[in-house]
Each structure stands twice: as structure tokens, then as C-alpha cells.
Amino acid sequence: MIMPEKGSLVGDLDQLIIQVYTAGYYLTGCREKAERLCALVFDKYDRPGLGTHENLVWPLFCHIFLQCCDEQEEIGGNTGSQSDLLPGAEAIQRALLELPPGERMAVILKYKAGMDGETIARCMDCSISRVSRLLAARKEKLRRKCFGQ
């Protein structure tokens, strides 16, 4: 099987859906909210003529997540529900959920979706230097919070 190049049409839509759901789960800390976020992304994404283009999915994902945070109660950030947190990763996930939505988005795109700074900047519609500063500061903050360093 020939793997698509980065930014090309996605060869496996199921894999992309899993990636978007997983990122949504880490952003929200809740399965139901992750499912809703994933459904919103692929509902808007499923328009005639769009095709399955990865470069369209992630910016749409960022936009929808941040728009939901602006319009409704904060998606995520509620660490009172411990049942949805991943076993063995509660401290890390709780610390992630305490970050503001935009900061959490950058961290998740970098460390869970595996994106580089330039791609994150395009998805979040900001500068690469802002993404670099944000990631460096959040990485240190999360390290101190989770590991007391």
C-alpha cells in the first residue's frame, strides 16, 4: 500500500477519524464531547467537492473546538469527572485540561497528532514563533505540575 504524502488526500479515512477523535478526547477529557467534536468536524467536512484532504480537517477541527469553547461552556477543563480520565495518566490529563483551550490545542496537536510548529501555526491561524513560545512554556508548566520538577 502506498502511503499518501503529508497534506495529500488521506488514504484511510477511518484512520483520520480515529486521529481526530483521539485528539478531541485529549482536548476534552470526555468521550461524549470527543464524539460530538468529531461528528461536528466530519459533518462540516462532508461537503460535495471537498474530498478527504487532511489539510482541511485539522484547521476545521481547531476552528470548531475553539468556537465551541467560545459559544458554550468550556469544552474540557472540568476535572471533576474522573471516570473518563485514562488510567495511569490522570495527573497528565488533569493538567492538560486545566490549560486554556488555545494552549491545550497546541499541545495536543504537537504531542498527540504529531504536527510540527509550522503546521500547528497554519491550523491555529497564528505565527510559528507564537506556537514555539506557547509549546515551550506549556511543556515546562506541565512537567512541573505532573512531576514536581
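Start with helices α1 and α5: α1 passes α5 in a right-handed crossing. The model on screen is a predicted one. To see what holds this crossing in view, select A23, Y26 and L27 of α1 together with R104, M105 and I108 of α5, the residues that make the contact. By class, the residues of this contact are five nonpolar and one charged, with no polar residue.

Now draw the two helix axes. Two packed helices are described by the angle between their axes and the distance between those axes. For α1, residues 13-28, and α5, the angle is about 140 degrees and the axes are 10 Å apart. The two helices are therefore oblique to each other.

Next, select α5 alone, residues 101-111. How many of the eleven residues of α5 are buried? Eight are, so the helix is largely enclosed by the rest of the structure. Colour them to follow the helix along: P101, E103, R104, M105, A106, V107, I108 and L109 are the buried ones. Two of these, R104 and M105, were already selected in the contact with α1, as was I108.

Stay on α5 and pick E103. Is E103 buried or exposed? E103 has a relative accessible area of 17%, under the 20% cut-off, so E103 counts as buried. Show what surrounds the residue: leaving aside residues up to four places away in sequence, E103 touches L134 and R138.

From here, turn to the partner of α5 in the next packing, helix α6, residues 117-124. α5 passes α6 in a right-handed crossing. On the α5 side, select G102, M105, A106, L109 and K110; on the α6 side, select I120, C123 and M124, which they meet. Sorted by class, this contact has six nonpolar residues, one polar and one charged. M105 is in this selection, and M105 is also in the contact with α1.

The axes of α5 and α6 lie 10 Å apart, at an angle of about 140 degrees. That angle falls outside the range over 145 degrees that counts as roughly antiparallel, so α5 and α6 are oblique to each other.

Within α6, select T119. Its relative accessibility is 11%, so T119 counts as buried. Then add P59 and draw the C-alpha to C-alpha distance: the two residues are 60 apart in sequence and 9.3 Å apart in space.

Now select the cysteines. How many disulfides does a search of the whole structure find? The search finds zero. Begin with C126 and C62: the sulfur of C62 is the closest cysteine sulfur to that of C126, yet at 9.2 Å the separation is too far for a bond. C126 has 22% relative accessibility, so C126 is classed as partly exposed. C30, by comparison, is at 16% relative accessibility and therefore counts as buried.

Finally, clear the selection and look at the whole chain. The protein has seven helices and zero strands, and from the N terminus the elements run α-α-α-α-α-α-α. Of the 149 residues in the protein, 38% are buried. Show the contacts between residues at least 6 apart in sequence: 62% of them join residues at least 24 apart.

How values were computed
Residues numbered from 1 in each chain as written. Predicted model: local features only at pLDDT ≥ 70, side-chain atom pairs only at ≥ 80, totals over all residues. Heavy atoms only, no water. Helix = DSSP H or I, 4+ residues; strand = E, 2+ residues; numbered from the N terminus. Buried < 20%, exposed > 50% of the residue type's maximum accessible area, 1.4 Å probe, protein only. Contact = heavy atoms within 4.5 Å. Axes fitted to C-alpha atoms, helices over the stretch in contact; angles between N-to-C directions. Parallel < 35°, antiparallel > 145°, perpendicular 65-115°, else oblique. Left-handed = near helix turned anticlockwise from the far one by under 90°. Nonpolar A, V, L, I, M, F, W, Y, C, P; charged D, E, K, R; others polar. Disulfide = S-S within 2.5 Å.
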